[in-house]
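Open the model in your viewer and keep the sequence panel beside it. The tour below tells you what to select at each stop and what to look for there.

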Amino acid sequence: MPDAGGGRGEGGPGSADGSHDEGRPGVTGGSHDEGGPGTADRAHDEGGPGKADGPGTPGRVGRDPDGTGAAATPGPGVPPAAAGSLRATAEFPARLPAEPDGGGVPGVASGGESPARGGAASRHGVNGPGDRPEGQRTLPLGGDDSAACAPRGAATADGVAQAGGPDRGGASGSAESGGGVGRGPAEGDGGMPGVPDAGPAPDGGVRYADGVGPRPDGVGGRAEIRDRVSRDVAARVAGVARRLAAVVERTCSPEAGAASAGFLREWAALALAQAPAARLTDTRLDRLARHHRLTPDEVDLLLFAGLPEEHEGLARTLRAMHPTGEPHPSVGLACLLLENTDRAALRRLLNDGAAVRTGILVLSGTGPFHERSLTVADRLWDALHGLPAWPAVLDPVDLGPPVAGLDVWLRLPESRRAVAALGSADPRVLLVTARDEAVALSRCAALAAAAGLGLVAARARPDDPQAMGLLGLHAVVRDSVPLLVAPHPAAGGAPVVPALGRLAGPLLVCAPPGAVRPGPERPVLTVPLGPVGVADRRAAWRAALPEAHRSAPELAARHPLDPALTAQVALDLRSRAALTPGDAEDADAWDVSAAIRARAGAQLPPGVDLVGPRARRPRLVLTDEADVQLRDAVARLRHQALVLDDWQLREAARASRGVRLLLTGPPGTGKSLAAEVLAAEAGRDLLVVDGSELVSKYIGETEKNLAACFEVAERTQAVFLLDEADALFGTRTEISEANDRFANMETAYLLQRLDRFDGLAVLTTNLRQNIDAAFIRRMDFVVEFPLPGEDGRHRMWDLHLPAPLLDPDVDLPALARSYPVPGGWIRNAAIGAAFRAADEGGTVRQRHLVQAMRREYAKAGRPFPGEPPQPHGTPFDGRAAQVLAAAALTTAPTQKESS
């Protein structure tokens, strides 16, 4: 006589939940039946007509007499009180939900045939395809077009072996012997052994894939879809729970295992009752199994490992069964569950199978092999439920929608190859390097959108095998391509090689330059960031600011930002427009500059200042030649898209983008003011860089500081002003010591970086003779700022001293003639005289200006030329005038008396 588990019944009737029965009528819950009539809840049935369980069969849920539901009944030899453990601990309902047609619980054998319907019983106890309630349908997994799967012999096969779900259209994998996927070609799936293919819907529509895309009738929003996916997973696990209950009943005495077996069966019955009405196809679990080619046993082990994640009572049950008291199934318990699998084969599977090799299944613990625990990869089970779950070692990155303005870039040969690589299943690394992470991520999003694929992006350590494996798994279940966002390397750190052993298929890598070095095991495809032409930039501005589409050409010329940065700036502008709706009709260029400045302000390196230019050309006093050169520089910047791109001089004449100016002259002659005027006329911000603060005594730090400055200038498209450039562009010398060699390297780096800058670069120097000749040759304009003449000085005095503030004794032409000084001196003297006059409570007088100019000469260490001459040619002496005035006051009465 077989024991309570049924074991392998040969020559006699198998008992409840028998594992294998040959030559005899199959019994309730049997796992394999050959030669005899197939019974309900049997995972594998071959050869005979199906038979429903009789009413009140031990361990089953019988049909409620009044047709309103099904009551849970205890297993064999289980006292009624013990069988209610689930209700006692988790407030489980005493009665399960009723079928819409008044039938029993789906997926559980009922007592007799369904009213007014005939036919053989299915593996889950519902009588054939005709027993399905009106309006319910099945979306098949096996690729056939029928609502119910084709029968094998006389028994229907819509249970776990074919579709793995309850007959009423519930989730696949819910039969007692079932996993989440089919059991191989013998069960009739149309695809890879053990992995069913998602076929079309019965009505010929597009298949319903995990709630994405066209949906079956009655399917609601995202929350409802996630709920359906979650119930589908629970129903698949229910089949494993019932098989575990059979193991408990077979291996334990009724007194020891009754409560656990009853709990497992009750929970499984409820999970099957709550399964989706339409069977889901191509779920996350199916994709995971298909992508990694998991065997049916591996899928069963995955569902078994996820069992404690479904209910706290299941975790307590498994803790009671574990040799070390862990709330996870042990390897030994898995061997009992997969009794038809050879233990040696199972050991190989748990050491070198695809599920363990890719990290889907994790064996934890240090004890003997059969006492180790089976666990699921970190947060993978929640992801299989359709939740946005992420492991602790991954920091998810939200890419947002693809930005506009990359259409021409996507047609480049390199971009087309990258799109084809993403669509291929071949393992390959696609490397996108950029200093600006937002730019690189925009390219990745554009490539994925062009390939019709999703992206799962996360920050992680490239050399962490666990993190890389989890990134790949979470990308597979989300039907997406993994995107690794590598962090910036540590100071002085070497590039790291990504650990790709657990990843299959293509991998996108977004990294700063020098952070990642691809290994030799996979081919590498480098994706360039550009070029991004003027047409793409205009399209980006039109899409970003549709309300100002007419200004797109002007905005693209003034602010030739990368399309990714254009989208960010437009987001800020729309936010401002929402606060002030009256100003939303036009996009003012200064508002754009302010938005760019606000986003870049938090990323400025030391010694760099980003300012909005306020000076205008009327304040600039120049020679005629200098004035013409500055106007030509602005025109060249404004029209470079027309000349270089539309007229194609970039290819014909090998012309480079950008404008480079060198402003030379004595201090205070207006070089910095001219740069501010240029920025204002170009409609851009001014990035002021102090060259003396960039130079560092440490090797490589100067180049690093320069790179950071150019990166900010390129990101903001600001006018790059490098003051005191001779500190960096000094003439290269013969190498006589190590310092000379490194100084020459700094100059060479700056020359190369300046060549690649496509904006407006202004460099100033007081000592042109110290500038390297190679640097002079690279300049588009070299503008001399000499000391101003008398007319120029007079204009400067007028500009800095408003007429209402001046006393009638002020003689500005005399000041201009007497003091041949630069404009900076005149500005300082005017400000100093105004403060002196304010302190005395009057207007600005001539003596205030002369005293202020005397101080400017003293600061420069130059001799003061004296006071301006009086109109009659007599030098004006302030002290003498004061003495004569006082004497006149004292002598006036005496003269009156003498008269």
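A residue is called buried when its relative accessible area is under 20%. In this predicted model, buried residues make up 51% of the 899 residues in the protein chain.

**Whole chain.** Start with the cartoon view. The protein chain has 32 helices and 21 strands. Now show the surface: about 39100 Å² of the chain is exposed, and carbon and sulfur atoms supply 54% of that area. Next, consider contacts between residues at least 6 apart in sequence: 68% of them join residues at least 24 apart.

**The largest nonpolar core.** Select Trp267, Leu288, Leu301, Leu302, Phe304, Leu307 and Leu380. The largest nonpolar core has 77 residues, and these seven touch the most other members. Then colour residues 222-251, which form helix H3; this helix gives the most to the core, with 11 residues.

Stay with Phe304 and show its neighbours. Leaving aside residues up to four places away in sequence, Phe304 touches Val240, Leu244, Leu318, Pro329, Leu333, Ala334 and Leu337.

**A second core.** Move to Val397, Leu422, Ala440 and Cys510. They are among the 26 residues of a second core, separate from the one just visited.

**The cysteines.** Keep Cys510 selected. Is Cys510 buried or exposed? Its relative accessibility is 3%, so Cys510 counts as buried. Add Cys444, which holds the cysteine sulfur closest to that of Cys510. Why is there no bond between them? The two sulfurs are 5.3 Å apart, which is too far, because a disulfide requires sulfur atoms within 2.5 Å. By this rule the count of disulfides is zero. Select Cys709 as well: its relative accessibility is 1%, so Cys709 is also buried.

**Helix H16.** Select residues 534-544, which make up helix H16. The buried residues of this helix are Val534, Asp536, Arg537, Ala540, Trp541 and Ala544. Turn the view until you look down the axis of H16: its buried residues fall within an arc of 160 degrees, so they line one face of the helix.

**Gln846.** For the last stop, select Gln846, in helix H31 (residues 846-860). Gln846 counts as buried because its relative accessibility is 11%. Which residues does Gln846 touch, not counting those up to four places away in sequence? They are Asp809, Val810, Asp811, Leu815 and Pro868.

Methods: Residues are numbered from 1 along each chain as its sequence is written. This is a predicted model: local features need pLDDT of at least 70, side-chain atom pairs count only at pLDDT 80 or more; totals for chains, interfaces and linings use all residues. Side-chain values use heavy atoms; hydrogens and water are left out. A nonpolar core is a set of buried Ala, Val, Leu, Ile, Met, Phe, Trp, Tyr and Cys residues joined through side-chain atoms within 4.5 Å. Buried means under 20% relative accessible area, exposed over 50%, partly exposed in between (1.4 Å probe, protein chains only). Helices (H or I, at least four residues) and strands (E, at least two) are DSSP runs, numbered from the N terminus. Contact means heavy atoms within 4.5 Å. Accessible areas come from the Shrake-Rupley method with a 1.4 Å probe; for residues, only the protein chains shown count as cover. The arc is that of the directions from the helix axis to the C-beta atoms.
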